[in-house]
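Student: Could we go through this structure together and check what stands behind each label we put on it? I would like every term set against its cut-off.

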Amino acid sequence: MNAGMYKAVSGSVAQMRRLEVTTQNLANLNTSGFKGQRLAFSELLGLTAEQERVGGLVAVAEQRTDFSQGELQPTGNNFDLALDGEAFFVIRTGRGFRYTRQGNFTLAPDGILVNSFGEPVLGESGNRREGEVIRISGKKMEVSSDGIVRSEEGEVGKLRIVRFRDPRILAKEGRGLYRALDGTAQPAPDYRILQGNLERANVNPVDAMVGLINIHRQFEAYGKVLQMMDSATARMLSEGARL
């Protein structure tokens with residue numbers, strides 16, 4: 001395989017990764033708190049079978065999460081909470097603490113505030129390893145902009161809201177959850193909570209659709225390059241056989 005073929009193949013593979021990420025972003029347009037994914041590409045040097053160094057090969061250097069703020073959407077549901085600012089809710093899962101921007105919470109049968117998968121939303125203080133759950137008495141819940149939660153019996157706690165100095169350390173885990181190394185979460189100093197709102201996905205559907213069109217065109221171009229090179233190789237072999 002010549003150098004041009006290597007470049008065309010690496011470019012096609014890169015476009016396939018772009019397609020995966022773009023379709024994933026589009027599929028989550030209606031997922032509250034979803035953060036779009038971005039790919040960073042780099043150029044690689046490779047070796048042909050003849051040990052010739054080949055430049056211009058494309059590879060995915062990094063897949064990043066775009067943590068920019070999503071649009072806030074009123075829902076009228078008092079158990080829906082949206083974060084405005086660089087901050088995360090803390091969720092206790094069977095795998096440890098996880099962090100999320102998805103605020104579509106509800107109440108468990110025992111009155112504990114949980115996410116849509118039944119995992120407790122944590123408040124401040126309490127056991128450091130277990131965290132403190134928010135327990136609501138009755139069906140009424142009021143949440144102030146700084147996270148103080150009140151039920152029919154008065155104040156029941158304050159939501160634990162954290163931030164990360166560098167959000168790139170967060171590893172995406174699915175279901176809107178992120179994990180981080182112990183000790184990296186810090187109390188968030190500047191945020192506000194909007195009750196009765198949800199944060200929409202921060203994916204622009206128009207940009208994503210334009211991206212899909214560009215991916216299709218580039219993939220098609222790489223395909224034509226491969227066909228041309230394949231035809232040229234076939235002609236060369238055919239002419240060589242006649243000599």
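Tutor: What follows is a set of questions and answers on a predicted model.

Student: Let's begin with the helix. How do you know that the length of helix α2 agrees with its number of residues?

Tutor: Helix α2 covers residues 205-242, which is 38 residues. The expected span is 1.5 Å times one less than the number of residues, so 56 Å is what α2 should reach, and its end C-alpha atoms are 56 Å apart. The two values agree.

Student: Which residues of α2 are buried, and what do they pack against?

Tutor: A208, G211 and I215 are buried in α2. The buried residues of this helix pack against α1, residues 3-27.

Student: What makes the link between N204 and V206 a polar contact?

Tutor: A side-chain oxygen of N204 comes to within 2.9 Å of the backbone nitrogen of V206, at the start of α2. The cut-off for a pair of N or O atoms is 3.5 Å, so this pair qualifies.

Student: On to the strands. Why is β5 called mostly covered?

Tutor: Strand β5 takes in residues 88-93, and 5 of its 6 residues are buried. Buried means under 20% relative accessible area. F88 shows how that works: its relative accessible area is 6%, so F88 is buried.

Student: How do you know that β5 pairs with β14 and with β6?

Tutor: Pairing needs at least two bridges. β5 and β14 (residues 161-163) have 2 bridges, in the antiparallel sense, and F89 has I161 of β14 as its bridge partner. Between β5 and β6 (residues 96-100) there are 5 bridges, also antiparallel, so both pairs meet the requirement. T93 is bridged to G96 in β6, and a hairpin of 2 residues joins these two strands.

Student: Where do these strands sit in their sheet?

Tutor: They belong to an open sheet of 6 strands with antiparallel pairing, in the order β15-β16-β6-β5-β14-β17.

Student: What makes β15 and β17 edge strands?

Tutor: β15 (171-174) and β17 (186-187) each pair on one side only. For β15, the pairing with β16 (residues 177-179) is antiparallel over 3 bridges, with G174 and L177 as bridge partners.

Student: And what of the sheet with β11, β12 and β13?

Tutor: That open sheet has 3 strands in the order β11-β12-β13, with antiparallel pairing. β11 (142-143) and β13 (154-158) are at the edges because each has a single partner strand, which leaves one side of each without a neighbour in the sheet. Strand β12 (residues 148-151) is joined to β13 by 4 bridges, and I148 has K158 as its bridge partner.

Student: Why is R98 called buried, although arginine can carry a charge?

Tutor: The label rests on accessibility alone: R98 has 8% relative accessibility, and the limit is 20%, so R98 counts as buried. R98 lies in strand β6, and its side chain reaches the backbone oxygen of R95 at 3.3 Å. Among the residues R98 touches are F89, V90, E173 and Y178.

Student: How do you know that L198 is buried?

Tutor: Its relative accessible area is 15%, which is under 20%, so L198 is buried. L198 is found in strand β19, residues 197-199. It touches residues including S32, L72, L81 and N104.

Student: What makes F67 and F88 an edge-to-face pair?

Tutor: A search of the whole structure finds 6 aromatic pairs. F67 and F88 form one of them, at 5.8 Å centre to centre with 80° between the planes. The limits are 6.5 Å for the centres and over 60 degrees for edge-to-face, so both values fit. F67 lies in the loop between β2 and β3 and F88 in strand β5, so the pair ties together parts 21 residues apart in sequence.

Student: Is F67 buried, exposed or partly exposed, and which cluster does it join?

Tutor: At 22% relative accessibility, F67 falls between 20% and 50%, so F67 is partly exposed. F67, F88, Y99, F164 and Y178 form one aromatic cluster.

Student: Last one: how do you know that R175 lies over the face of F117?

Tutor: R175 is at 4.4 Å from the ring centre of F117, within the limit of 6 Å.

Terms used: Residues are numbered from 1 along each chain as its sequence is written. This is a predicted model: local features need pLDDT of at least 70, side-chain atom pairs count only at pLDDT 80 or more; totals for chains, interfaces and linings use all residues. Side-chain values use heavy atoms; hydrogens and water are left out. Buried means under 20% relative accessible area, exposed over 50%, partly exposed in between (1.4 Å probe, protein chains only). Contact means heavy atoms within 4.5 Å. A polar contact is a pair of N or O atoms within 3.5 Å; within protein, one must be able to donate a hydrogen and the other to accept it, and residues adjacent in sequence count only if both atoms are side-chain atoms. Rings of Phe, Tyr and Trp (its six-membered ring) pair if their centres lie within 6.5 Å; planes under 30 degrees apart count as stacked, over 60 as edge-to-face and the rest as tilted. A charge sits over a ring if NZ of Lys or CZ of Arg is within 6 Å of the ring centre and within 35 degrees of the ring normal. Lists of a residue's contacts leave out its neighbours within four places in sequence.
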